[in-house]
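User: Please take a close look at the packing in this model and explain it in one connected account. I would like the terms you use to be given with their cut-offs.

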Amino acid sequence: MVATLITSSESLSNTALSGFLFDIDGTLVNSDPIHQAVFRELLLEEGFNDKKPIDEEFFRLRIAGRQNAMIMADLFPEWPISKRQKWSIKKEARFREVAASSMLERKMPGLDKLKTWILDKNLPRAAVTNAPRLNAVAMLGGIACESFFQTLIIGDECTAPKPQPDPYLTACKNLGVDASRCIVFEDSPSGARAGVAAGAFVIGILSGQEEATLLEAGCSLVIKDFEDTKLWTHLESRS
């Protein structure tokens, strides 16, 4: 799938809104600390990194927002693909087990307010993630968002996952909207690059990455969470 031509962020910010595209991990749910803890636990079992626990910087740079196949190829290039896939399945099952009891309390602040605003204006919305489908469904259910989104796009089910634009372009196609008239919410450089490549106005969420990192990845605006006044000023200017 070929991305649409990207216009300047200034021109994108002046267009009327036609849709909203949300990443899930770290955007709708502050789940990165759980992912990091599970990776640290299971990598220690493998003796990875000379049996030294991975730290937050390692997680941000080499894991956060990336597709599992890419992560595993990076961490264990010597393993056969079948072994990497089996390990990923084990990791995601462990994540769901640990996250099950705390999903609702990890919902991003201001999300309910934003959902109401979007519903009041009857704007199309999609969840777009590199997470496995089982994780995505569990997280959306855990924060009572399963009926809010009109389509759920999984990176592994597209021609290419993020950072390629395919997942976001697929979401736009399903919703019947133009990416240049959509806002993408992302928390990772990989996801931000995907949104920018699709031609959308990308807003970064400061749930794990540094502001400079998200701006470098192409975010036109960076906010703390969905309660941030910068977000609401932007939305009102386009409504």
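Analyst: Helix 2 (residues 32–46) and helix 6 (residues 81–99) pack at an angle of about 135°, with their axes 10 Å apart, and the two helices are therefore oblique to each other. Angles under 35 degrees count as roughly parallel, over 145 as roughly antiparallel, 65 to 115 as roughly perpendicular, and the rest as oblique. The axes are lines fitted to C-alpha atoms, for helices over the stretch in contact, and angles run from 0 to 180 degrees between N-to-C directions. Helices (H or I, at least four residues) and strands (E, at least two) are DSSP runs, numbered from the N terminus.

This is a predicted model, in which local features need pLDDT of at least 70 and side-chain atom pairs count only at pLDDT 80 or more, whereas totals for chains, interfaces and linings use all residues. Residues are numbered from 1 along each chain as its sequence is written, and side-chain values use heavy atoms, with hydrogens and water left out.

The crossing of helix 2 and helix 6 is right-handed, a term that applies if the near helix is turned clockwise from the far one by less than a right angle, left-handed being the case if it is turned anticlockwise. On the side of helix 2 the contact (heavy atoms within 4.5 Å) is made by Ile-34, His-35, Val-38, Phe-39, Glu-41, Leu-42, Leu-43, Glu-45 and Glu-46, and on the side of helix 6 by Trp-87, Lys-90, Lys-91, Glu-92, Arg-94, Phe-95, Val-98 and Ala-99. Sorted by character, the residues of this contact between helix 2 and helix 6 are 9 nonpolar, 1 polar and 7 charged; here Ala, Val, Leu, Ile, Met, Phe, Trp, Tyr, Cys and Pro count as nonpolar, Asp, Glu, Lys and Arg as charged, and the others, Gly among them, as polar.

Another pair of helices gives a different angle: helix 7 (residues 111–120) and helix 12 (residues 229–237) pack at about 5°, with axes 13 Å apart, which makes helix 7 roughly parallel to helix 12. Lys-113, Leu-114 and Trp-117 of helix 7 meet Trp-232, Leu-235 and Glu-236 of helix 12, and the residues of this contact divide into 4 nonpolar, no polar and 2 charged. Trp-117 counts as buried because its relative accessibility is 12%, buried meaning under 20% relative accessible area, exposed over 50% and partly exposed in between (1.4 Å probe, protein chains only). Leaving aside its neighbours within four places in sequence, Trp-117 touches Leu-17, Phe-20, Leu-123, Trp-232, Leu-235, Glu-236 and Ser-239.

Phe-20, one of those contacts of Trp-117, leads on to the sheet. From strand 1 (residues 19–22), Phe-20 and Phe-22 point one way and Gly-19 and Leu-21 the other way, and all are buried. The sheet is open, with 6 strands in the order 3-2-1-4-5-6 and parallel pairing, where two strands pair if DSSP finds at least two bridges between them. Strand 3 (151–154) and strand 6 (221–223) stand at the edges with a single partner strand each, so one side of each is left without a neighbour in the sheet. The twist averages 20° from one strand to the next.

Strand 1 is joined to strand 2 (residues 125–129) by 3 bridges, with Arg-125 of strand 2 as the bridge partner of Phe-20, and to strand 4 (residues 182–186) by 4 bridges, with Cys-182 of strand 4 as the bridge partner of Gly-19. Strand 2 is largely enclosed by the rest of the structure, because 5 of its 5 residues are buried, and strand 2 also pairs in the parallel sense with strand 3 over 4 bridges, Leu-152 of strand 3 being the bridge partner of Ala-127. Further along, 4 bridges join strand 4 to strand 5 (residues 201–205) in parallel, with Val-184 opposite Val-202 of strand 5. Helix 12 packs on the sheet as well, touching strand 1, strand 4, strand 5 and strand 6, with its direction at about 135° to that of strand 6.

Val-202 also leads to Cys-219, as the C-alpha atoms of these two residues, 17 residues apart along the chain, are separated by 4.9 Å. Cys-219 lies in the loop between helix 11 (211–216) and strand 6 and is buried, with a relative accessible area of 6%.
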